[in-house]
Amino acid sequence: VVKAITPPNIRARKGSTPLVCLTAYTTPVARLVDGHCDIVLVGDSVGMVLHGLPSTLSVTLDMMIMHAKAVRRGMERALLVVDMPFGSYEESLEQAFRNSARLMAETGCAAVKLEGGATIAETIRFLTARGIPVMAHVGLTPQAVNVFGGYRVQGRGEDADRIWRDALAVSEAGAFSVVLEKVPEPLARRITEEIPIPTIGIGASAACDGQILVVDDMLGLFGDFRPKFVKRYVELGEAASAAIEAYACDVKERRFPAAEHVFGDELKAINGGEA
Ligand code: KIV
Ligand code: NA
């Protein structure tokens, strides 16, 4: 029996070896990443990556639940964390608890992730005290894209203290780890050195205690989205596109299906009736 990684296990990795994290949205991808990751995140990036939405703002709790259930079926070892979508937790402590509890009960995830720093700290404390482990997310928080006016790097120059205070606030509120998104390296290093919980970077340098990427981005599957902070380990999109073109060609030229793909009319009960 494989024992799954828990939020306290993640918390205890502070200052130890780097935490490996990726997103997943489906069962087959969960099966691929589970054995290599400490944390698998069902991110609300699913709205943009799999549903073609222009931002994460219209992702619903029902969408998160459906994808989280699919991912859960493909996992044995890593910690499963699920994003709370925009509008599902900001209104009140009660709303945050009700929706997080529903997400955990229906999907079997062991933790949720909320965007926001000092302003959401009270919510993190409320949930954690009531049995819901929380991963925080500060720096560039995509659900606030309209407040930021884009997806720019956060915490440059004078702004660094704001992000540092956010990271400190979520850590003091009881988050077991915190995602740092799109912040300069010196700030990521300072936060990582000064707060007692692991920092998981995305566009936040190798100074963090761990790294996360959107799996479709690092596999080269998410179109022409090529931000500086993503390393493409393979070009699966290009490979798929070439394969689809070859299939289309074969069909038009009647090269597919070939003899080996075609059923004859002899009865061959011995090999299972497949022929
Ligand atoms: O939604 C997401 O995929 C995320 C990670 C990139 C941190 O929040
Ligand atoms: Na997210």
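How many helices and strands does the secondary structure of the protein chain contain?

## Overall architecture

The secondary structure of the protein chain comprises 11 helices and 8 strands. The model discussed in this report is predicted. Along its principal axes, the C-alpha trace of the chain extends over about 75 × 40 × 35 Å.

The protein chain has 275 residues, and 48% of them count as buried. Among contacts with a separation of 6 or more, 58% are made by residues 24 or more positions apart.

## Domains

The domain assignment of the protein chain gives two regions: domain 1 covers residues 7-234, and domain 2 covers residues 238-271. A distance of 42 Å lies between the C-alpha centres of domain 1 and domain 2.

## The two sides of helix 2

Helix 2 is formed by residues 27-34, and its buried residues are Thr 27, Ala 30, Val 33 and Asp 34. Viewed down the axis of helix 2, these buried residues fall within an arc of 130 degrees, and therefore they line one face of the helix. A general rule helps in reading such a pattern: an α-helix has 3.6 residues a turn, so residues three or four places apart point the same way.

Which residues are exposed on the other side of helix 2? They are Pro 28, Arg 31 and Leu 32. The buried residues of helix 2, by contrast, are covered by elements that include strand 1 (19-23) and strand 2 (39-42). Helix 4 (61-73) and helix 10 (215-218) also belong to this cover.

## Cysteines

The count of disulfides in the model comes to 0. Why does Cys 208 not form such a bond with the closest cysteine sulfur? That sulfur belongs to Cys 21 and is 11 Å from the sulfur of Cys 208, which is too far for a bond, because a disulfide requires two cysteine sulfur atoms within 2.5 Å.

Is Cys 208 buried or exposed? Cys 208 has a relative accessible area of 7%, so this residue is buried. Cys 249 has a relative accessible area of 39% and is therefore partly exposed, since the partly exposed class lies between the limits of 20% and 50%.

## Aromatic rings

The structure holds 1 aromatic pair. An aromatic ring also takes part in an arrangement with a charged group: the charged end of Arg 130 sits over the ring of Phe 126. The distance from this charged end to the centre of the Phe 126 ring is 3.7 Å.

How values were computed. Residues numbered from 1 in each chain as written. Chains lettered and ligands numbered in written order. Predicted model: local features only at pLDDT ≥ 70, side-chain atom pairs only at ≥ 80, totals over all residues. Heavy atoms only, no water. Phe/Tyr/Trp six-rings, centres within 6.5 Å; stacked < 30°, edge-to-face > 60°. Lys NZ or Arg CZ within 6 Å of the ring centre and 35° of its normal. Domains from an automatic or database assignment. Buried < 20%, exposed > 50% of the residue type's maximum accessible area, 1.4 Å probe, protein only. Helix = DSSP H or I, 4+ residues; strand = E, 2+ residues; numbered from the N terminus. Arc of directions from axis to C-beta. Contact = heavy atoms within 4.5 Å.
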